[in-house]
Structures are given as C-alpha cells and as structure tokens.
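Got the viewer open? Let's take a short walk through this one, stop by stop.

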Amino acid sequence: MSIDSPLFPRAELEAVLDPCGSGQMLPRGAYLDPAVTSWELEHFFAGSWVCVGRAAKVAEPGARMAVRIGKEGVLLVRSDSGELHAFSNVCRHRGHELLPCGESDTRSTIACPYHAWVYDLDGSLRTTPRFDPPEGFDITEYQLFGLPVTEWRGWVFVNASGDAGSFEDHIGGFDALVAPYQPERLVVGATHEYRLEANWKLAIENYHECYHCPVIHPELCRVSPPTSGENFSAPGLAIGGSMNLIDGAQTMSLTGESPLPPLPGLSEKLRRDVLYAGVFPNMLISLHPDFVMTHRIEPLEPGASWVECHWLFDPDEVAKPGFDPSFAVDFWDLTNRQDWGACESVQRGIASRGYDPGPFSLEEDGVREWAATIARGYLEGGVRP
C-alpha cells in the first residue's frame, strides 16, 4: 500500500501507534471492510511466512497436502529424498488445481486430474499424455512453480509470495524460548475446529491480554493469576509473555491437576509457567509444563474466521493404554468458547454507530504491540521483522 493511497487516513493509524499514550484499537474498517480483508490476505498472509499445519501430515515420501494461503493455492509434497517442497497448486498446462484444497494423499508422482500431465515429486514435468507439442516446446521449462517452505519445530511454514525474507529473521529469538519444550517430537492428541463469527484479528487481540480474565474466565483464574508473569522481548515477529500457575497447580485444567508428568528437560521455572505467544500472522502457541496447545487462524470474511486448535503431547504418554487428553481439552475448549463469545460481541459492537476506538489499559500492552504491528503493516505495505 502506498502512502498516497492508504487503506485508512494516516491520522487514524498514528493514533494506534501513539508513542505518548496507550495506543488504541484499529479503525472500524479493519474489522468490517471486505477491501481491507482482501488486502490483508495478499500482504499479511501471502506476503509473510504462514503456518499451514504439522509436518507430520506430510511425513512420508510421496505425501501431499493442498492448503490455501490468502488467495493462493499451495501444494506441499515430500520427495523421495525426504525434502519438503511447496508448489503453486496449479498445473502448467491449463491451470487446473493438482489437488483440491484441504485434501491429502500419497502418490509416487503428481498427476493433474484434468488432462493427466504428470510431474515428479520435485516438481519437474515428466510426461504429457496425448499431447501434440508445438514447435520449440521444452518439457524442462514447465516445472511447477516452487515456493519458499521451511519446517520449524514440527510445523510447516510457507511464504506464498516468495518475498518475505528469511524465516530465521521472522521467527527470531522466539525459537530459543520454544526449544526447551521440543515440540518437534510431540504428537497431536486432540483437535478442535471452530467457526468464529468475528474478524481474525479480534481473536488474536483477545489472546494477547488477560485484562478480561477475571470477568469471563473464572476457571482460568482459579489456577493462574491473571496479573502474573511477564512479557518477553525478542527479535522477530512473535509477541507474548508468561503467566504463573498457583501453588499446588500442575497445569491449566479445571482442577489444576494433570495425569501427565512434565515434558522432559523443562527447568523448575518452566514447570511453574505457561508461555503464551503469537507468531505473525496466524499462529498462537501456548506452552504448558505438560503439553503444547496451538491455534491456527484463517480469515473467512471480514466478520468470520476459522480456528484450528491442536493439543500436542509427549508421544510416550500418548502410546500408553488409557491415555486421555480431556483434562487439557475440556479446560481450553471451555475457555475458547468463552473467548469466542466475547470476540463475537466485540464484532457486533464495532459494526454499530456507537463504536469509536478506545484506549488500551496498561494490562493490554500485548494487544497494543499487536495493533501497532498491524497499523505499521497498513502504512508500510506489509510486516517485516
């Protein structure tokens, strides 16, 4: 976005960034305007490193999975060498999708379901059945378009535009904070999907503060004081901080108890904390002493979002007879639904004539940092570390 043709008047965004005050919420259109959502899909999603799920879903040679990032279709493919590739999900012949979005399978090649052009797992074009090539046709010039992809701590990140810079700069110092939990060795023990009738940014704003917790999360406040912990500061595009467990609590559950031991290798301090962090633009990571929970958020329209919640556990514990993740799932499903109700109410409020962006409290410093990141992104045409 150029400064000459901004999505919003510059003064409205400068109020969000105000270095002399507490900052404030984004302008109304950031949550309601389809043109803003379309711009975000291009510049914040396709233009950044986006988490598309766990690497375990494409672990074996020949495994494929089709996802959407912003408006771009992406095909993930594990080659025979073990390397993970990301391609535009487009056949080079007539543009047909190579695999419907959301589907996955395992094949030794990539075959277009329209005219059966066949590609190797590295994206090179192998055969063009019943095709009478024009003069000068060179099969080596029609490989699939590759996209930057990386595996980080068991998750897959893709940059659909190819110009977001290095993933190492994107994740920055947050990697060192996550490393003790070894999420790359954990496995998914439970999954919930939600449709949230609110803008995708509202879910993330809600996550970044516990100012609301005494009002709508009594169960949470019984096991973790809402004013405990501290924010972290690290290079990269992760925002967050910790909260402490009350004396006697082992984890975030309805009773504070856990049937599982702490994850191996955690310090005594990490066994008493829960670290909450958001990795721009769409991933929330909650690191508990005994499990890791993630939320992956995608915009559906200005006033609706899709949320995937994963609970990750030690594979040795999951393999034991009688493993039951309900202690963690029940607690966070209840908390999620409490949060979704609040976010949906805010969405309705923003749509009313009475909405005018209000200031943040000192307890909402994480939200202020998030809102400032978005406002700078609107001004600068994207978000970079």
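What follows is a tour of a predicted model, with a helix pair, a small set of strands and a loop cysteine as the stops.

**Stop one: two helices.** Select residues 34–45, which are helix 3, and residues 365–380, which are helix 11. Look down their axes: they come within 11 Å and cross at roughly 90°. That falls in the 65 to 115 degree range, so helix 3 and helix 11 count as roughly perpendicular to each other. Now show side chains. On the helix 3 side, pick Val36, Trp39, Glu40 and Phe44; they meet Ile374, Gly377 and Tyr378 of helix 11. Colour this contact by residue type and you get five nonpolar residues, one polar and one charged.

**Stop two: an open sheet.** Next, bring up strands 1, 11 and 10, which sit in that order in an open, antiparallel sheet of three strands. Strand 1 (50–54) and strand 10 (149–152) are the edges: each has a single partner strand, so one side of each lacks a neighbour in the sheet. Neighbouring strands here are turned by 30° against each other on average, direction ignored. Zoom in on strand 10 and strand 11 (residues 155–158), an antiparallel pair joined by four bridges. Which residue stands opposite tryptophan 152? Another tryptophan, number 155, in strand 11.

**Stop three: a loop cysteine.** Finally, select cysteine 101, in the loop between strand 4 (84–88) and strand 5 (104–106). Cysteine 101 is partly exposed, at a relative accessible area of 42%. Leaving aside residues up to four places away in sequence, cysteine 101 touches Ala66, Val67 and Arg68. For a last distance, go from the C-alpha of cysteine 101 to that of valine 156, 55 residues apart along the chain: the separation is 16 Å.

Terms used
Residues are numbered from 1 along each chain as its sequence is written. This is a predicted model: local features need pLDDT of at least 70, side-chain atom pairs count only at pLDDT 80 or more; totals for chains, interfaces and linings use all residues. Side-chain values use heavy atoms; hydrogens and water are left out. Axes are lines fitted to C-alpha atoms, for helices over the stretch in contact, and angles run from 0 to 180 degrees between N-to-C directions. Angles under 35 degrees count as roughly parallel, over 145 as roughly antiparallel, 65 to 115 as roughly perpendicular and the rest as oblique. Contact means heavy atoms within 4.5 Å. Ala, Val, Leu, Ile, Met, Phe, Trp, Tyr, Cys and Pro count as nonpolar, Asp, Glu, Lys and Arg as charged, and the others, Gly among them, as polar. Buried means under 20% relative accessible area, exposed over 50%, partly exposed in between (1.4 Å probe, protein chains only). Two strands pair if DSSP finds at least two bridges between them.
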